[in-house]
Amino acid sequence: MSLVSAAPTATYLNARDQWLTEQFLAGTGIRHTVLRAGFYAATPAALANEELVVSGPAPTGRAAFVTHEDIADVITGVTIEDGPRSEHDGATLEITGPEALTLDEAVTRIAAATGRPYRYEPETLQEAFARRWRLGMSGEQIETWISWYQAIERGEVSVVTDVVPRLTGDPDLERSLVARAEHSPGYR
């Protein structure tokens, strides 16, 4: 599994490693399909502090958050094809939610769906680094964590695709961000 917008210069540092893995896989000559997921719909709730506040430097950027269930459905759709060849051989499929949301919009929906007072509070880069440093995170951990927010702010994970409905046979693009994700790992 890789990440939407994986590239050698991706803002989210983990997406750079994922791109390298994709390149290695492509060079092996074995049958494969690259599955790139958008950020998980359960992540904002998992990032909340004890007061259910999600803080980070991404006030205006958007992400097409995707549920674990939708990812599993796409994996199933790709892997159940019989035969020595598949239309997905060598393909890169970007698995996203049905719309790109700001963190404020995503967290507001999580709050409404769970009945819990989640909220998003934007931070500057300096505030985000300082808060994580006070929490005892290493510089490398902080840089990677902050790059997640920066990828959102820069719009690198805002692409919306039709991969989920196309591969699952579900024409309903109105899947709710939280109606499905609230049962995923990370929700409190």
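**View 1. T11, a buried residue in a loop.** T11 is buried, with a relative accessible area of 8%. That value is under 20%, the cut-off for a buried residue. The model shown here is predicted. T11 sits in the loop that runs between β1 and α1. Its side chain makes a polar contact with the side chain of R154, at 3.1 Å. Neighbours within four places in sequence are set aside for the contact list of T11. What remains is S147, Q150, A151, R154 and E156.

**View 2. S147, a buried serine in a helix.** S147 is part of helix α6. Is S147 buried or exposed? S147 is buried, and its relative accessible area is 2%. Two backbone atoms lie by the polar end of its side chain. One is the backbone oxygen of T144, 2.6 Å from a polar atom of the S147 side chain. The other is the backbone nitrogen of L13, 3.1 Å from a polar atom of that side chain. Residues up to four places away in sequence are not counted among the residues that S147 touches. With those left out, S147 touches T11, Y12 and L13. The contact between S147 and T11 links this view to the previous one.

**View 3. Helix α6 and what covers it.** Helix α6 spans residues 139-153, 15 residues in all. From its first C-alpha to its last, α6 reaches 21 Å. That is close to the 21 Å expected at 1.5 Å a residue. Which residues of α6 are buried? They are I142, T144, I146, S147, W148, Y149, Q150, A151 and I152. Several elements help to cover these buried residues. Among them are the helices α1 (13-28), α2 (43-46), α4 (103-114) and α5 (125-134). Strand β3 (53-56) is also part of the cover. Just after α6 comes G155, with a positive phi of about 75 degrees.

**View 4. The largest pocket.** How much space lies in the largest pocket? The answer is about 230 Å³. The lining of this pocket is made by 14 residues. Nearest its centre are L3, Y12, F39, Y40 and W148. Three elements give two or more residues to the lining: β1 (2-3), α1 and α6. W148 has also been met before, as one of the buried residues of α6.

**View 5. Two residues with positive phi that are not glycine.** S5 has a positive phi of about 70 degrees, although S5 is not a glycine. S5 is found in the loop between β1 and α1. S5 is partly exposed, with a relative accessible area of 22%. L52 is not a glycine either, and its phi is positive, at about 65 degrees. L52 is placed in the loop between α2 and β3. L52 is buried, with a relative accessible area of 7%.

**View 6. The whole protein, for context.** The protein has 8 helices and 5 strands. Along the sequence, they follow the pattern β-α-β-α-β-α-β-α-β-α-α-α-α. Of the 188 residues, 45% are buried. How many of the contacts with a separation of 6 or more join residues 24 or more positions apart? Such residues account for 81% of them. The accessible surface of the protein comes to about 9,500 Å². Carbon and sulfur atoms hold 53% of that surface.

Definitions and conventions. Residues numbered from 1 in each chain as written. Predicted model: local features only at pLDDT ≥ 70, side-chain atom pairs only at ≥ 80, totals over all residues. Heavy atoms only, no water. Helix = DSSP H or I, 4+ residues; strand = E, 2+ residues; numbered from the N terminus. Buried < 20%, exposed > 50% of the residue type's maximum accessible area, 1.4 Å probe, protein only. Contact = heavy atoms within 4.5 Å. Areas by Shrake-Rupley, 256 points an atom, 1.4 Å probe, with all protein chains shown as cover. Expected span 1.5 Å × (residues − 1). Polar contact = N/O pair within 3.5 Å; in protein donor to acceptor, adjacent residues only side chain to side chain. 1 Å grid on protein atoms, 1.4 Å probe; cavity = no way out; pocket = protein on both sides within 12 Å on 5 of 7 lines; lining within 4 Å. Points joined across faces, edges and corners; volume = space filled by probe spheres on them.
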